[in-house]
Amino acid sequence: MRKTALLNSNVSSVVSRMGHTDRLVIGDCGLPIPKDVERIDLALKLGVPGFLETLDVILEELCVEKIVLAEEIKTASSEMQAEILKRFSDRVAVEYVPHEEFKRQTAGAKAVVRTGECTPYANVILCSGVTF
């Protein structure tokens, strides 16, 4: 059995295959997922699992150098935005794009992890960094 908190074999597999600048999306339950991108559906019911708890577990495994958020999170879900940003140091770049652009960028991700989150714009693109 694994020692880290990440037990989901599909998420673990994607994280282990990621290289520098590869992208992994964590999304709310309404984020559309492009048909050619791997879908890892964790959603059980509204709110379960939550976006932040999913993000926290993945961050235990993945080195991140940049995140992408929808511009709309600033006004629609400022508390969620603050919680997301608390999880990253000043060395992690933060990019904001319009939500429509965010959805387009998901097409280049290794996978989209779908949560049960129902907070508007609770979505993030994690861009993989390196540990050396």
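**Cores, a ring and unusual backbone angles**

Me: Which residues does L24 touch in this predicted model, not counting residues up to four places away in sequence?
Reply: L24 touches V14, V15, M18, I58, L62, A111, V113, V124, I125 and L126. Each pair has heavy atoms within 4.5 Å, so each counts as a contact.

Me: What makes up the largest nonpolar core?
Reply: It has 26 residues, and L24, F51, I67, I84 and L126 are those with the most contacts inside it. Two or more residues come from each of α1 (9-17), β1 (23-27), α2 (51-59), β3 (64-70), α4 (78-86), β5 (111-114) and β6 (124-128). The most, four residues, come from α2. Another core, of 11 residues, lies apart from it and includes L31, V37, F102 and C127.

Me: How do you know that K74 sits over the ring of Y96?
Reply: K74 lies over the face of Y96, at 4.2 Å from the ring centre. The distance limit is 6 Å, so 4.2 Å falls within it.

Me: Why is T21 called partly exposed?
Reply: Its relative accessible area is 46%; buried needs under 20% and exposed over 50%, so T21 falls in between. T21 lies in the loop between α1 and β1, and its phi is near 75°, a positive value in a residue other than glycine.

Me: Is Y121 buried, exposed or partly exposed, and why?
Reply: Y121 has 25% relative accessibility, which is not under 20% and not over 50%, so it counts as partly exposed. Y121 is in the loop between β5 and β6, with a positive phi near 65°.

Me: What kind of peptide bond joins V48 and P49?
Reply: A cis bond, with omega about -10°. P49 is in the loop between β2 (38-41) and α2. Most peptide bonds are trans.

How values were computed
Residues are numbered from 1 along each chain as its sequence is written. This is a predicted model: local features need pLDDT of at least 70, side-chain atom pairs count only at pLDDT 80 or more; totals for chains, interfaces and linings use all residues. Side-chain values use heavy atoms; hydrogens and water are left out. A nonpolar core is a set of buried Ala, Val, Leu, Ile, Met, Phe, Trp, Tyr and Cys residues joined through side-chain atoms within 4.5 Å. Buried means under 20% relative accessible area, exposed over 50%, partly exposed in between (1.4 Å probe, protein chains only). A charge sits over a ring if NZ of Lys or CZ of Arg is within 6 Å of the ring centre and within 35 degrees of the ring normal.
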